[in-house]
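Let's take a walk through this structure together. Have a look at the picture first, and then we'll go through it piece by piece.

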Amino acid sequence: MSVTQNSEFMDEERQMARTVAISLGAWLAVTAVAVVLLLLFGEPLSNLIL
């Protein structure tokens with residue numbers, strides 16, 4: 001494997017890691033917002049259903 005191929009491989013791995021980190025951050029943010037909304041409005045929503 002040449003130095004150029006190794007560099008391209010590392011660039012791809014960095015891009016993949018960056019994409020995964022952004023996706024995980026977005027998923028955690030959405031989950032946190034959902035938990036907060038359920039804590040704030042959970043009881044009124046359950047009263048509508050029941």
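One bit of vocabulary before we start: a residue is called buried when its relative accessible area is under 20%, exposed when that is over 50%, and partly exposed in between. Keep in mind, too, that what you're looking at is a predicted model.

Now for the overall picture. The protein has 50 residues, and buried ones make up 0% of them. Its secondary structure is easy to list: 1 helix and 0 strands. That helix, H1, covers residues 3–49. The accessible surface adds up to about 4,700 Å², and 71% of that belongs to carbon and sulfur atoms.

How many salt bridges turn up in a search of the whole structure? The count is 1. Its partners are arginine 14 and aspartate 11, with their closest N and O atoms 3.7 Å apart. As general background, side chains of opposite charge can pair when their charged atoms come close. Both of these residues sit in helix H1, 3 residues from each other, or about one turn of the helix.

Are the two partners buried or exposed? Arginine 14 has a relative accessibility of 48%, so it counts as partly exposed. Aspartate 11, at 45%, counts as partly exposed as well.

Further along the chain, there's a nonpolar patch on the surface, about 960 Å² in area. Val33, Val36, Leu37, Leu38, Leu40, Phe41, Leu45, Leu48 and Ile49 make it up. Take valine 33, which lies in helix H1: its relative accessibility is 49%, so valine 33 counts as partly exposed.

How values were computed:
Residues are numbered from 1 along each chain as its sequence is written. This is a predicted model: local features need pLDDT of at least 70, side-chain atom pairs count only at pLDDT 80 or more; totals for chains, interfaces and linings use all residues. Side-chain values use heavy atoms; hydrogens and water are left out. Helices (H or I, at least four residues) and strands (E, at least two) are DSSP runs, numbered from the N terminus. Buried means under 20% relative accessible area, exposed over 50%, partly exposed in between (1.4 Å probe, protein chains only). Accessible areas come from the Shrake-Rupley method with a 1.4 Å probe; for residues, only the protein chains shown count as cover. A salt bridge is a side-chain nitrogen of Lys or Arg within 4 Å of a carboxyl oxygen of Asp or Glu. Patches are made of residues with over 30% relative accessible area and no salt bridge: like charges are joined within 9 Å, nonpolar side chains (Val, Leu, Ile, Met, Phe, Trp, Tyr) within 5 Å.
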